There are 6 protein chains.
Amino acid sequence: VTDSALTTRIKVINPNTSLAMTRLIGTAARGVAGVGTEIIAVSPPMGPASIESHYDEALAVPGILHEITHDGMLGERIDGYVIACFGDPGLDAARELAAGPVVGIAEAAMHAATMLGRRFSVVTTLGRTTGRAWDLASHYGFREHCASVYACEVPVLELEEPGSEASSLIEALARRAIDEDEADCIVLGCAGMADLCHRLSQNLGVPVIDGVSAAVGMVETLVRMRVSTSRREEYARPRPKVYEGLLEPFGLTV
Amino acid sequence: VTDSALTTRIKVINPNTSLAMTRLIGTAARGVAGVGTEIIAVSPPMGPASIESHYDEALAVPGILHEITHDGMLGERIDGYVIACFGDPGLDAARELAAGPVVGIAEAAMHAATMLGRRFSVVTTLGRTTGRAWDLASHYGFREHCASVYACEVPVLELEEPGSEASSLIEALARRAIDEDEADCIVLGCAGMADLCHRLSQNLGVPVIDGVSAAVGMVETLVRMRVSTSRREEYARPRPKVYEGLLEPFGLTV
Amino acid sequence: VTDSALTTRIKVINPNTSLAMTRLIGTAARGVAGVGTEIIAVSPPMGPASIESHYDEALAVPGILHEITHDGMLGERIDGYVIACFGDPGLDAARELAAGPVVGIAEAAMHAATMLGRRFSVVTTLGRTTGRAWDLASHYGFREHCASVYACEVPVLELEEPGSEASSLIEALARRAIDEDEADCIVLGCAGMADLCHRLSQNLGVPVIDGVSAAVGMVETLVRMRVSTSRREEYARPRPKVYEGLLEPFGLTV
Amino acid sequence: VTDSALTTRIKVINPNTSLAMTRLIGTAARGVAGVGTEIIAVSPPMGPASIESHYDEALAVPGILHEITHDGMLGERIDGYVIACFGDPGLDAARELAAGPVVGIAEAAMHAATMLGRRFSVVTTLGRTTGRAWDLASHYGFREHCASVYACEVPVLELEEPGSEASSLIEALARRAIDEDEADCIVLGCAGMADLCHRLSQNLGVPVIDGVSAAVGMVETLVRMRVSTSRREEYARPRPKVYEGLLEPFGLTV
Amino acid sequence: VTDSALTTRIKVINPNTSLAMTRLIGTAARGVAGVGTEIIAVSPPMGPASIESHYDEALAVPGILHEITHDGMLGERIDGYVIACFGDPGLDAARELAAGPVVGIAEAAMHAATMLGRRFSVVTTLGRTTGRAWDLASHYGFREHCASVYACEVPVLELEEPGSEASSLIEALARRAIDEDEADCIVLGCAGMADLCHRLSQNLGVPVIDGVSAAVGMVETLVRMRVSTSRREEYARPRPKVYEGLLEPFGLTV
Amino acid sequence: VTDSALTTRIKVINPNTSLAMTRLIGTAARGVAGVGTEIIAVSPPMGPASIESHYDEALAVPGILHEITHDGMLGERIDGYVIACFGDPGLDAARELAAGPVVGIAEAAMHAATMLGRRFSVVTTLGRTTGRAWDLASHYGFREHCASVYACEVPVLELEEPGSEASSLIEALARRAIDEDEADCIVLGCAGMADLCHRLSQNLGVPVIDGVSAAVGMVETLVRMRVSTSRREEYARPRPKVYEGLLEPFGLTV
């Protein structure tokens, strides 16, 4: 895995600045990556400590885009990107910038779920983020595949706290989705839940899907298929232009 | 219109940093504002010179949010906001922050169009932005009301250039939408086209809708109805948290 | 407001023949109308005492159309019309006839609701009318924005009776919509509920929307934008023709 | 077919007052009716000479409803009704009133078409009525089954005129639908086209569907199944109430 | 009914091999068939004893297709076919083969239900088949007309057993659909329930629809309209080709 | 790749009996498979020589199901299955039977396409199969992502013939999709086109997607995620039962 010229290099961007979560995400990604795939898990140098609102999500995007343009400027070869926040922040913009394919974890998890059963339910952190999950389900085409979206009301950074009840709350909500909403699979609605995936799956008796794993597999698939984002028009490289003020460094040149 | 305690104060945010366009937008807004409504047209102190990609749009959002939080910090009373870029950037996040209602110009224009005929078509600037227009039409519920989206391929900041052919290109595309796609109305797909609205409407013989005017009217309506964004859950004020690096000023406190 | 040449004149048609409700509707309309807007609230001289079925709704339409053609024949300038019954009866036909824009109160209320939150619920009078509310939500594009439609089972003309429990029944159903269906806003499903709007909003803590107010604001917006119904084809003036029997007076001439 | 106690009696209401069209519709209906089914084809004593706008359609409804209530008052047994205008005017209201099932000809034709191929196209009279056809397709669930709606721009009452080019215009549009829009079947968009059905079908080589025939067959099917409109709530008999003015005769009593 | 040259001959294929169910289906079909219509109820000589999974359904299709090609080879005139299993197995393939129209019982029942009320619910046998019912509702255009799908968890071949509680279980689920899901009609989700139809309808007070009856009526309607499946492209006769192994007899020749 | 205990074993079923195509499919599959993944490409011992109609597709299913049950009976470990025909025949039934995940090539190709651009178009073999492609797009949630489906009218088994114009016909249709329908990517609508993928992609300048490659990547992803089809209800193992006649060998036992 050290000879980078031969490996597939997947960069997994945790869009918040919590390094503990970045490590957890990296571990999940490596658990599913193929032989010869290198996972580079990073957090951007700017942005929110966690993403729990439309406000946080919007402001996580500059950091994600910085990570991608920076790779380009440094000449660092990255074969594909994963955006590891369940709101898939900045996915369209990232696709305009990155040389290789970019996959969001909500996108990948929902796609995978539809191949495993008729309906999936999402269990996420805060109730205020469930609207975004529904928006994404609609956007990706899965409005009718999504049976329900539940929130355990545990903030993102408390998921991993010792003694946290997050795991049992999530399991209870997943059971409700299975029993009341006829969900065939459960999609975990936060990258910070990746470590719970296999245990929950065993306890619940249905597939439980971690988006980080799904996204790594899908971006690897695209890389091996030798395809990347279409450059036809919408996702062509943005036109160069001046950026002002605090965001001046984001101005693209030819 | 000077006694601000009695007036309705609508802030119209042009999310790019082009002041000429901000002036044009302000003029359009004042043309439709009611007696006793003050229009404050502004550009943020940061961000792209124009918005012509998902990348530009994502990076226009911090400036929009800055404008709103800044009003809050200064204790400046703003009764409602208009986001004056046809991609409606940052609309959800702005709704979390602003005390009063927030309306996007694509949103307002599409809503207005559906009250004037069965189908509308959008004529916008660059082809690469048509995807966003379709996304918004779907998101607002108007996928089947939107007959087509055309691009004149004139960049935003060249719309106003002396000798620009933008106006005749837009008119030709609008005619095509009317003749081939059975569009009953035309929606102008860029705030920078606001000044063309009445002449195009006369030439084409169908309603032509400028989103700035529509949004000012709709946000005024909401203000007079004494309603604002629901605070139930999704659009409640974001949780306070630390922001890092370049975006450190965006950290909210209690 | 007396110099009609300078004012905007909005005619609000209560399609039933109950004058007490017409007065209540007029009051709601004036509460939101801009400076310089005159509200003319009327009931037609023919039709049902209240509208509580498809049958009543269909038979309320001749009176609405009579009001509009009569204005035309008398040369009375009306800048825009509001149809103030939550089934939006005769809206398409009214648009063919009226010189200015026409807005229905269900239409306006639903449009406004989608700008204030992700989901709205409707609370209406009789259960037998909820189907029509769903049809309108679908027709306007808001099927997925509409979380639920509830009926308080109080007939229209009993809403205002002294000692009526309508208000508390409506509030209870609204709470259920908020708690169980995650409604962000409540839409009042009858023009006769307009006077309850502000108190319900305060009690419930979410926006409550009266369609009469919303429609007056929206039709004013369209008038100020100087746009009206597209005359392209579907909404052109109907072809003149003979009408027979009881409906002979409805025959249009060139 | 004379012993009415043993026959199934289907009343086919031509909602316009043109008796020549009523005769044509009656002939089409009898051509498909089963042994032992009596067709009663009528025109109402009030309403428009033809239906070519939302205005005409709305004002055709009182006559339709009059026909049904009159049957009830006279104690005349009618086992099922067909509303023989392609806009299906007053269908919901008619279902509230009639003792037996009621089927519209657009409804029946579209249902039949979906059983004969993947896509159908409608060929109708005037362009201004195509919007209504799309609305009905959506309402019945067939938005994606409907490939296109074309208008021959021949007014309803000129379809039958000697020397009319209607037939060849309709055939040309049908061919366009088949060739360009991949229509598998053609739905005739006006009851007045019923007599063209078989010849067009032979010329075009695909099924051509006359809604009058389809509706008679479907209402007969429902009668033989011994089912009628559900009386659960929405389609229960309307509440009795006072009607005023010209429409006073429409007031229902208990 | 004996002079087959004059009769309409409808073949009703029970796709499972249970002859008791074939008899029950034949009785239901004859109960609704018109004077002069002959019902030929059959079971194929191959396939599953009952259809309770995607596996069973897929493997019921060869037998259905055998029945149709066999009629063709024997020169037996069949004017139309009904596929009498609620999953509508092999419907598209059958339409390619049969000379006359082919209707499935789920298709016919759902179509009929939408003419009798706003919403229908399906009550079927096993929970594992409810997904197929939802797929069909979507496919036919009735996703929004279908309020719910319930399963009584009685296997198909136990429906008719003496002492079976199927009838009371089905009635209880139907009541739940009416009370909780606002279903206006009930669709019976298995051909083997046809004999329960009228009693359930009386007990529940809403229309209960047996798909066998509905399909016989609809296919008769199509035959009398002298239309059959469009041969334009998709449903043209399949190209002749070699079949191998066990399925060698299915190879079509020119 | 020889120590089968350590490898991931993916069985790729070509549902027709043409071995040349099976070899081509195996080559495409191996081109994308990860290190340590063994591809077993097979054709069933029964069924059609090629799949070009609903009839062929329905009769390809027994062979597919035979392949899966046979693996089970022989105790052969297969970690995941790919169904390599663009109609995804028997996918639901295969999921009930197989121990590991099952992915169809149309499914996988469409999923992949949506991660590479806004719209994809399908280019397939015969026009009569385009309906099935639309059905699948709808079923998987991608109706609005699918811009068009074109057919080159080359039968499946002639795609590979020396001197075939298939490749240039496909390229011309793909260009039309890109230019006229704004397709961002092209999906190849037949497993027999897999070998054209990379060259077409280079010629067209947009991603061209071969479903075999996409499906192998996706099923590998699911296997590495350690998830398989949910056994909750719909996709549980079918109930054992007797099968009769020609299909007697398909009867499952406990």
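**Close-up views of a predicted six-view series****View 1. Glu57(D) is buried, with a relative accessible area of 12%.** As in every view of this series, the model shown is a predicted one. The residue belongs to helix H2 of chain D, which covers residues 54-74. Beyond the neighbours within four places in sequence, Glu57(D) is in contact with Ile51(D), Gly87(D), Pro89(D) and Arg132(D). Because buried denotes a relative accessible area under 20%, the 12% computed for Glu57(D) places this residue in that class. Ser138(D) serves as a distance marker: 81 residues separate Ser138(D) from Glu57(D) along the chain, and the two C-alpha atoms are 18 Å apart.

**View 2. Arg119(D) is buried yet has no salt bridge.** This arginine is found in the loop that connects helix H4 (105-114) with strand E6 (120-124) of chain D. Which side chain of opposite charge is nearest to Arg119(D)? It is that of Asp184(D), at 4.3 Å. A salt bridge requires a side-chain nitrogen of Lys or Arg within 4 Å of a carboxyl oxygen of Asp or Glu, so the separation of 4.3 Å between Arg119(D) and Asp184(D) does not qualify. The side chain of Arg119(D) does reach the backbone oxygen of Glu182(D), at 3.0 Å. With neighbours within four places in sequence left aside, the contacts of Arg119(D) in chain D are with His145(D), Ala147(D), Asp181(D), Glu182(D), Ala183(D), Asp184(D) and Cys185(D). Arg119(D) is also in contact with Arg232(E) and Trp134(F), which belong to other chains.

**View 3. In chain B, four strands form an open sheet with parallel pairing.** The strand order is E2-E1-E4-E5. Strand E2 (37-42) and strand E5 (102-104) of chain B are the edge strands, and each pairs on one side only. On average, neighbouring strands of this sheet are turned by 20° against each other, direction ignored. Strand E4 (residues 80-83) of chain B runs parallel to E5(B), and three bridges join the two. Tyr81(B) has Val102(B) in E5(B) as its bridge partner. Two helices accompany the strands. Helix H1 (residues 19-32) of chain B lies across E1 (8-13) and E2 of chain B, at about 165° to E2(B). Helix H2 (residues 54-74) of chain B packs on the sheet and touches E1, E2 and E4 of chain B, its direction making about 155° with that of E1(B).

**View 4. In chain A, an open sheet of four strands has the order E2-E1-E4-E5, with parallel pairing.** Its edge strands are E2 (37-42) and E5 (102-104) of chain A, each of which pairs on one side only. The average turn between neighbouring strands of this sheet is 20°, direction ignored. Helix H2 (residues 54-74) of chain A packs on the sheet, where it touches E1, E2 and E4 (80-83) of chain A; the direction of this helix makes about 155° with that of E1(A). Helix H8 (residues 211-224) of chain A lies across E1, E2, E4 and E5 of chain A and runs at about 160° to E4(A). Over six bridges, strand E1 (residues 8-13) of chain A pairs with E2(A) in the parallel sense. Among the bridge partners in E2(A) are Ala41(A), for Val12(A), and Glu38(A), for Arg9(A). Five of the six residues of E2(A) are buried, so this strand is largely enclosed by the rest of the structure.

**View 5. Helix H5 (residues 130-140) of chain B is largely enclosed by the rest of the structure, because eight of its 11 residues are buried.** The buried residues of H5(B) are Thr130(B), Gly131(B), Ala133(B), Trp134(B), Asp135(B), Leu136(B), Ala137(B) and Tyr140(B). Which elements do the buried residues of H5(B) pack against? In chain A they pack against helix H3 (91-97) and helix H5 (130-140). In chain B the partners are helix H3 (91-97), helix H4 (105-114), strand E6 (120-124) and strand E7 (146-151). Just after H5(B), Gly141(B) takes a positive phi of about 105°.

**View 6. Helix H4 (residues 105-114) of chain C is mostly covered, with 10 of its 10 residues buried.** The buried residues of H4(C) are Ile105(C), Ala106(C), Glu107(C), Ala108(C), Ala109(C), Met110(C), His111(C), Ala112(C), Ala113(C) and Thr114(C). Chain C and chain F do not touch, and their nearest C-alpha atoms are 16 Å apart. Chain A and chain D do not touch either, with 16 Å between their nearest C-alpha atoms.

Methods:
Residues are numbered from 1 along each chain as its sequence is written. Chains are lettered from A and ligands numbered from 1 in the order in which they are written. This is a predicted model: local features need pLDDT of at least 70, side-chain atom pairs count only at pLDDT 80 or more; totals for chains, interfaces and linings use all residues. Side-chain values use heavy atoms; hydrogens and water are left out. Two strands pair if DSSP finds at least two bridges between them. Axes are lines fitted to C-alpha atoms, for helices over the stretch in contact, and angles run from 0 to 180 degrees between N-to-C directions. Contact means heavy atoms within 4.5 Å. Buried means under 20% relative accessible area, exposed over 50%, partly exposed in between (1.4 Å probe, protein chains only). Lys and Arg count as positive and Asp and Glu as negative; His and the chain ends are not counted. A polar contact is a pair of N or O atoms within 3.5 Å; within protein, one must be able to donate a hydrogen and the other to accept it, and residues adjacent in sequence count only if both atoms are side-chain atoms.
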